[in-house]
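Please read the following report alongside the sequence and the three-dimensional model. It takes up the strand pairing, then the cavity, then the contacts between charges and rings.

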Amino acid sequence: MNWSNWAYLGVGIILGIGFRWLFAKSANTSPNISPVISESQETVSQLRQEIKQTQLAYQMAQEMSQFKAGFLARTTHELRSPLNSVISLHQLILSDLCENPAEEREFIAQAHEKALKLLHLMDEILSVSRTEYGTNKLDIQPRCLDTVFQEVKDLTYMLAANRNFLLQMSPIDPEVHVLADHRWLRQILVNLVDTAITQMQEGSIWVSATVSDNTNMAHIYLDIPAHALPESEPIDLMKHNNETSQTKDEKVNLSPGMKLLLNQILLEVMGAKLEILPHLTSSESTDSLTRVQITIPVA
């Protein structure tokens, strides 16, 4: 072996020792760098998640604020009409426009009647509000849906028959039970059917229900003519009419839009949901229908 071979061998040994030292150093320093990178990535991920949660909370708070503002505006609109009637009657009396004491007493009696009806409307709204905030407790138990349907039919059948409307309620499996407050669920369905009958000029009402095995939810459908249940009611709070808007014998009732809103609040308290689906066409006729859908948990 000549001197050149010894030289190559020496260089190789030196390079091997150098590479080995570099690999050992990198192995010793990498555990210290890796946790820093891992912790940084975890912090960024947590910050992104917190930002998304904050944005979602802000959107929910904004929607709730708009909902409450709309509820207050609609409530004010509902109570304004009977209150205007009371004010108008009192103005007639205070302005000495009554021809005799008998007429003055008649105006006082009308004002008293309007005030009682106004109190009744306020009681309806307050009852729902107390239920929403937990003051009035709900008795949520498994309820037979077929029994509820039969009770609703008994309470609304004559009203539909008197106006020559067909009220058809599809039979439900007696084994189907839903989680709800029996009194409020029955009242909500009666309100929906009653509102539809009041607003209808012609047509029929179909009430049915299905059960979704995948979601463990029941869907109650109320198919009515498209004109019978307005999806929204314009409220112009800038207009103020001091004239008496109701006659003496006319009942003071909540508007269809207000009833729909109160029913929606009650269903949400029970863990259910009320929706108005797009218009559809009846299989028996070409009339346009509106479907009101209630989604409620199955027991």
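## Strand pairing

How many bridges join strand S2 to strand S4, and do these strands run parallel or antiparallel? In this predicted model, strand S2, which covers residues 166–169, is joined to strand S4, residues 204–212, by four bridges, and the two strands run parallel. Within this pairing, Gln168 has Trp206 of S4 as its bridge partner.

Strand S4 also pairs with S5, here through seven bridges and in an antiparallel arrangement; Ser208, for instance, finds its bridge partner in Tyr221 of S5. The hairpin formed by S4 and S5 has four residues between the strands, and Asn216 takes a positive phi near 55° in this hairpin.

## Overall composition

The protein comprises five helices and seven strands, and along the sequence these elements follow the pattern α-α-β-α-β-β-α-β-β-α-β-β. Of the 299 residues in the protein, 33% are buried.

## The cavity and its lining

Rolling a probe the size of a water molecule over the atoms shows where empty space is left. The structure holds one cavity of 30 Å³ or more, and the volume of the largest cavity comes to about 50 Å³.

Which elements each supply at least two residues of the lining of the largest cavity? They are helix H4 (182–199), strand S5 (217–225) and strand S7 (288–297). The lining is made up of Val152, Met169, Leu189, Leu192, Val193, Val207, Ile220, Tyr221, Leu222, Val292 and Ile294. By class, these are eleven nonpolar residues, with no polar and no charged residues in the lining. Tyr221 thus appears in two roles, since this residue lines the largest cavity and is also the bridge partner of Ser208.

## Charges over rings

Where does Arg291 lie with respect to Tyr221? Arg291 lies over the face of Tyr221, at 4.2 Å from the ring centre, which adds a charge contact to a residue that also belongs to the cavity lining.

A second contact of this kind involves Arg183 and Trp184, in which the charged end of Arg183 sits over the ring of Trp184 at 4.6 Å from its centre. As for pairs between the aromatic rings themselves, the structure holds zero.

Definitions and conventions:
Residues numbered from 1 in each chain as written. Predicted model: local features only at pLDDT ≥ 70, side-chain atom pairs only at ≥ 80, totals over all residues. Heavy atoms only, no water. 1 Å grid on protein atoms, 1.4 Å probe; cavity = no way out; pocket = protein on both sides within 12 Å on 5 of 7 lines; lining within 4 Å. Points joined across faces, edges and corners; volume = space filled by probe spheres on them. Nonpolar A, V, L, I, M, F, W, Y, C, P; charged D, E, K, R; others polar. Phe/Tyr/Trp six-rings, centres within 6.5 Å; stacked < 30°, edge-to-face > 60°. Lys NZ or Arg CZ within 6 Å of the ring centre and 35° of its normal. Pairing = 2+ DSSP bridges. Buried < 20%, exposed > 50% of the residue type's maximum accessible area, 1.4 Å probe, protein only.
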